[in-house]
Amino acid sequence: MMPNPIFSGFAQQNQQPQSNNLIAVFNQIRRSPNPNAAAAGMLSPEMRTYISQNGGDAKTAFYNMAMQKGIDPNQILNTLRGFM
């Protein structure tokens with residue numbers, strides 16, 4: 001499986017350009033008439049497969065991937081909440 005660029009961005013410090021890109025992606029999803037479809041359309045085929053392997057539950061897939069990579073998923077969520 002290819003490394004997830006979202007997780008690699010959180011693993012490094014001082015990632016302002018990546019943070020700006022992430023904010024732009026969130027804003028694009030928010031402005032979409034169907035945010036769920038917009039977010040799903042941005043997923044790579046590998047990520048879709050990974051979600052499918054986790055019962056089709058994106059939240060479960062996110063938590064499992066974060067734990068596999070040794071990252072606290074709540075830390076990522078708290079960081080993302082700071083952008084909103």
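**Exercise 1. Contacts along the chain**

Among contacts between residues at least 6 apart in sequence, what percentage join residues at least 24 apart?

*Solution.* Start with the source: this is a predicted model. Take the contacts in the protein between residues at least 6 apart in sequence. Of these, 42% join residues at least 24 apart.

**Exercise 2. The overall build**

Find the helices and strands, then describe burial and surface.

*Solution.*
- Step 1: count the elements. The protein has 6 helices and 0 strands.
- Step 2: read them from the N terminus. The order is α-α-α-α-α-α.
- Step 3: turn to burial. Of the 84 residues, 25% are buried.
- Step 4: look at the surface. The protein exposes about 6,000 Å², and carbon and sulfur atoms supply 54% of that area.

**Exercise 3. The nonpolar cores**

Which residues make up the largest nonpolar core, and which helices each supply at least two of its residues?

*Solution.*
- Step 1: recall a general trend. In soluble globular proteins, nonpolar side chains tend to be buried together.
- Step 2: list the members. The largest nonpolar core has 7 residues: Leu22, Phe26, Phe62, Ala66, Ile71, Ile76 and Leu80.
- Step 3: assign the helices. Helix H2 (16–31), helix H5 (58–68) and helix H6 (73–83) each supply at least two residues of this core.
- Step 4: look for another core. One of 5 residues lies apart from it, and its members include Met47, Tyr50, Ile51 and Ala61.

**Exercise 4. The two sides of helix H4**

Which residues of helix H4 are buried, and which exposed residues sit on the face turned away from them?

*Solution.*
- Step 1: find the buried residues. In helix H4 (residues 45–53) they are Met47, Tyr50 and Ile51.
- Step 2: look down the axis. The buried residues of H4 fall within an arc of 100°, so they line one face of the helix.
- Step 3: turn to the face directed away from that buried side. Pro45, Ser52 and Gln53 are exposed there.
- Step 4: ask what covers the buried residues of H4. The cover includes H5.
- Step 5: move just past the helix. Gly55 follows H4 and takes a positive phi of about 75°.

**Exercise 5. The aromatic pair**

How many aromatic pairs does a search of the whole structure find, and why is the pair of Phe62 and Tyr63 called edge-to-face?

*Solution.*
- Step 1: count. The search finds 1 aromatic pair.
- Step 2: take the geometry. The ring centres of Phe62 and Tyr63 are 5.5 Å apart, and their planes stand at 90°.
- Step 3: apply the cut-off. Planes over 60 degrees apart count as edge-to-face. The planes of Phe62 and Tyr63 are at 90°, so the pair is edge-to-face.
- Step 4: check Tyr63. Its relative accessible area is 23%, so Tyr63 is partly exposed.

How values were computed: Residues numbered from 1 in each chain as written. Predicted model: local features only at pLDDT ≥ 70, side-chain atom pairs only at ≥ 80, totals over all residues. Heavy atoms only, no water. Core = buried A, V, L, I, M, F, W, Y, C linked by side-chain atoms within 4.5 Å. Buried < 20%, exposed > 50% of the residue type's maximum accessible area, 1.4 Å probe, protein only. Helix = DSSP H or I, 4+ residues; strand = E, 2+ residues; numbered from the N terminus. Arc of directions from axis to C-beta. Contact = heavy atoms within 4.5 Å. Areas by Shrake-Rupley, 256 points an atom, 1.4 Å probe, with all protein chains shown as cover. Phe/Tyr/Trp six-rings, centres within 6.5 Å; stacked < 30°, edge-to-face > 60°.
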